[in-house]
Every structure is written in C-alpha cells, then in structure tokens.
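Work through the exercises below with the sequence and the coordinates open. Each task is followed by a solution in steps.

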Amino acid sequence: MINHLFSLARQPALWQRSVEPFWNDGHISKQMLEAHLNPDWEAASRRHSDIDCSVKWLSRLIPPGSRILDLGCGPGLYTKRLSEQGYNVTGLDFSRRSIAYAQEHDTRSRYIYQNYLELNYTEAFDSITLIYCDYGALTLSERKTLLSKVYRALKPGGLFIFDVFTQKTNWSKQDSTSWRVYPDGGFWNAEPHVCLEASYFFEGHTVEARQTVILTDHELHQYLIWNTVFTQETLADEVLLWGFQLDSVYNDSCGSPYTGGADTLCFVLRKAQLA
Ligand SMILES: C[S@@+](CC[C@H](N)C(=O)[O-])C[C@H]1O[C@@H](n2cnc3c(N)ncnc32)[C@H](O)[C@@H]1O
C-alpha cells in the first residue's frame with residue numbers, strides 16, 4: 001500500500017495523465033453535474049448570470065440561423081440558450097451523465113457523447129465554441145489535434161471561439177501540498193476519505209498540475225488536472241499555425257474589450273474563406 005501511495009503522490013512528469021479518467025465516475029460525475037447546475041457556484045461551469053452574458057454576446061457575434069457546435073457542452077447550459085435564440089445547435093461532451101441531462105432538458109439541440117479529440121466532421125459548422133478554459137487543460141499535442149479537427153469541421157469563413165486563463169488568474173506559481181479529511185465523504189469519493197492535494201508548476205510557471213490523491217479505507221485513487229496559462233502572444237503563436245486568422249481578442253467570453261489585464265483571454269479565430 002505505501003509503495004502504491006508513494007507512486008501516486010510523487011510529483012508527476014510533465015503532461016502525465018490521470019491513472020483514472022474521472023468524467024464518467026459514478027460519484028464524481030454526479031457531484032460535477034450538481035456543480036454545473038448550481039447557478040451561483042463558479043466551479044464546473046461559470047455562474048449562470050455570466051453564461052447569460054456570454055450567450056448574449058455570442059448571439060451578436062454569430063449570424064442568425066448558423067450551425068453551432070459546442071465542444072465540452074456539459075449539461076447544455078450554453079447550447080440550450082443558443083437553441084432558444086434560433087441557432088441550429090449541437091453539443092458534444094464525453095460525460096455520459098451531462099449528455100443525458102442535456103438531452104432530457106433540451107429537445108431542440110442535438111447532443112453527442114464523444115471525445116472531442118476524435119471529432120470527425122468536414123466543413124459542417126459555421127461556428128465552434130469551447131468555453132470555460134478547457135483548451136488549456138489539454139496537452140500541447142492534444143491542442144494540436146483539436147485545432148486541426150476544429151479547422152476541418154468549420155465551413156470556410158467559420159469561427160472558432162474559445163477562452164483560456166492568463167497568469168492573472170489565481171496562479172500561485174509555487175508548488176504546494178495540503179491535505180483534508182472527509183469523514184462523511186465529499187466531492188471525490190462517497191466514502192470517508194483523506195484527500196492529499198498538490199500543485200506543481202512547469203514550463204516557466206505556465207503549466208500547472210493539480211494532483212489529488214484519495215485514500216479510503218481500502219482504496220487509493222489519483223486524479224491529475226492540467227492547466228496552461230497564455231498571453232495573447234503565446235496563444236496566437238500556437239493557434240495561427242493552423243491556417244486560422246485572428247478575427248478578434250476579448251478579455252472574456254462575454255466579449256469585454258481586451259485590456260491585457262484580465263484573468264482570462266477569449267480568441268475568435270476565423271477559417272479562411274475560399275479564394
Ligand atoms: C469545465 S467543464 C465546462 C462545461 C461547459 N463548457 C460549461 O462551461 O458549462 C468541461 C467539460 O468538458 C468535457 N470534456 C473534457 N474533455 C473532453 C473531451 N476530450 N471530449 C469531450 N468532452 C470533454 C467535460 O466532460 C466537461 O463537461
């Protein structure tokens with residue numbers, strides 16, 4: 001047991017993936033859905049008032065009647081609102097619980113259970129969104145895969161709208177460890193458990209690994225969540241290689257004007273029109 005614990009609790013290698021994928025874990029996905037649906041809890045989704053604000057902005061940016069694909073749509077908080085605005089909307093997510101909830105509560109949009117890294121469309125959508133900074137949770141090679149698939153899935157002239165965190169976010173830059181006890185269970189596990197948490201920084205403090213190790217009476221679990229922060233320049237260097245043009249940059253996914261001082265950054269990329 002102790003050797004297993006050592007192996008799970010040691011500093012991970014850069015981009016090491018979780019031993020266990022957690023989006024479809026029965027307990028964790030239930031906690032996650034609760035977090036998405038709490039209108040005032042900025043955790044799995046933004047506050048619902050911010051989501052309203054984003055959808056208002058998106059409906060000014062995206063021409064009426066467009067076909068929109070929302071990647072990592074969760075339980076459909078954006079997709080449902082966009083469908084109500086008259087768009088032809090598809091939501092895609094690899095949490096079965098979130099997709100089931102979305103299908104039950106929004107019959108106008110189409111929902112697909114799929115890993116967006118396996119997206120396989122050609123010139124099918126006018127706009128593709130990826131909201132709440134999920135881009136930065138992907139490894140560099142996953143980001144390359146995603147960008148190439150999004151580029152292919154967009155119609156010429158189509159938009160890819162996504163946000164990322166900047167270093168202005170709550171970014172301590174210092175490796176840290178802490179632990180807590182949950183005698184009645186908690187977010188990560190329904191059983192009584194101890195939770196060992198650590199943050200490690202890499203690549204000049206632009207990449208963070210959040211490591212969570214859960215010890216129950218008879219089990220050990222490890223979850224790793226990665227996050228990369230960007231500046232306008234580092235994001236542009238990475239995404240413009242794919243043939244996209246930078247249409248516009250904002251402070252957030254509500255379309256607030258870009259100042260360079262916000263904790264997020266939102267890019268609107270355009271796929272080139274046919275000559
Ligand atoms: C932080 S949540 C944001 C959900 C939604 N965009 C929102 O803001 O309400 C991230 C979502 O992306 C989904 N997700 C993460 N990686 C994914 C992948 N590779 N393919 C499909 N969905 C993914 C998760 O299941 C989760 O619902």
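The exercises concern a predicted model and cover a pocket, a ligand site and two backbone angles.

**Exercise 1. The second largest pocket**

Task: Describe the lining of the second largest pocket, and explain why the pocket lies between two domains.

Solution:
1. Start with the volume: the second largest pocket holds about 240 Å³ of space.
2. List the lining. It is made by 14 residues, and Arg143, Thr206, Thr228, Phe230 and Glu238 are those nearest the centre of the pocket.
3. Assign the lining to secondary structure. Two or more residues come from each of α6 (140–153) and α7 (232–239). The largest contribution is that of α7, with 3 residues.
4. Sort the lining by class: 5 residues are nonpolar, 5 are polar and 4 are charged.
5. Compare with the domain bounds. Domain 1 comprises 2–28 + 172–228 and domain 2 comprises 38–165 + 231–271; because both give residues to the lining, the second largest pocket lies between them.

**Exercise 2. The ligand site**

Task: Find which residues are closest to the ligand, identify polar backbone atoms that face its nitrogen atoms, and state how much of its area the protein buries.

Solution:
1. Collect the shell, taking residues with a heavy atom within 4 Å of the molecule. The ligand is surrounded by 16 residues, with Ser45, Gly72, Asp93, Asn115 and Tyr116 the closest.
2. Classify the shell around the ligand: 7 nonpolar, 7 polar and 2 charged residues.
3. Look for pairs of N or O atoms within 3.5 Å. A polar backbone atom of Gly72 is 2.8 Å from a ligand nitrogen. For Tyr116, a polar backbone atom is 2.8 Å from a nitrogen atom of the ligand. For Phe94, the distance from a polar backbone atom to a ligand nitrogen is 3.2 Å.
4. Turn to the area. The ligand taken alone exposes 590 Å², and 93% of that is buried by the protein.

**Exercise 3. Positive phi angles**

Task: Locate Trp15 and Cys133 in the fold, and state what is notable about the phi of each.

Solution:
1. Recall the background: most residues other than glycine have a negative phi.
2. Take Trp15. This residue is not a glycine, yet its phi is positive, at about 70°. Trp15 sits in the loop between α1 (2–9) and α2 (26–37).
3. Take Cys133. Its phi is also positive, at about 65°, although Cys133 is not a glycine. The loop that holds Cys133 runs between β4 (125–130) and α6.
4. Link back to Exercise 1: α6 is one of the elements that give two or more residues to the lining of the second largest pocket.

Terms used
Residues numbered from 1 in each chain as written. Predicted model: local features only at pLDDT ≥ 70, side-chain atom pairs only at ≥ 80, totals over all residues. Heavy atoms only, no water. 1 Å grid on protein atoms, 1.4 Å probe; cavity = no way out; pocket = protein on both sides within 12 Å on 5 of 7 lines; lining within 4 Å. Points joined across faces, edges and corners; volume = space filled by probe spheres on them. Helix = DSSP H or I, 4+ residues; strand = E, 2+ residues; numbered from the N terminus. Nonpolar A, V, L, I, M, F, W, Y, C, P; charged D, E, K, R; others polar. Domains from an automatic or database assignment. Polar contact = N/O pair within 3.5 Å; in protein donor to acceptor, adjacent residues only side chain to side chain. Areas by Shrake-Rupley, 256 points an atom, 1.4 Å probe, with all protein chains shown as cover.
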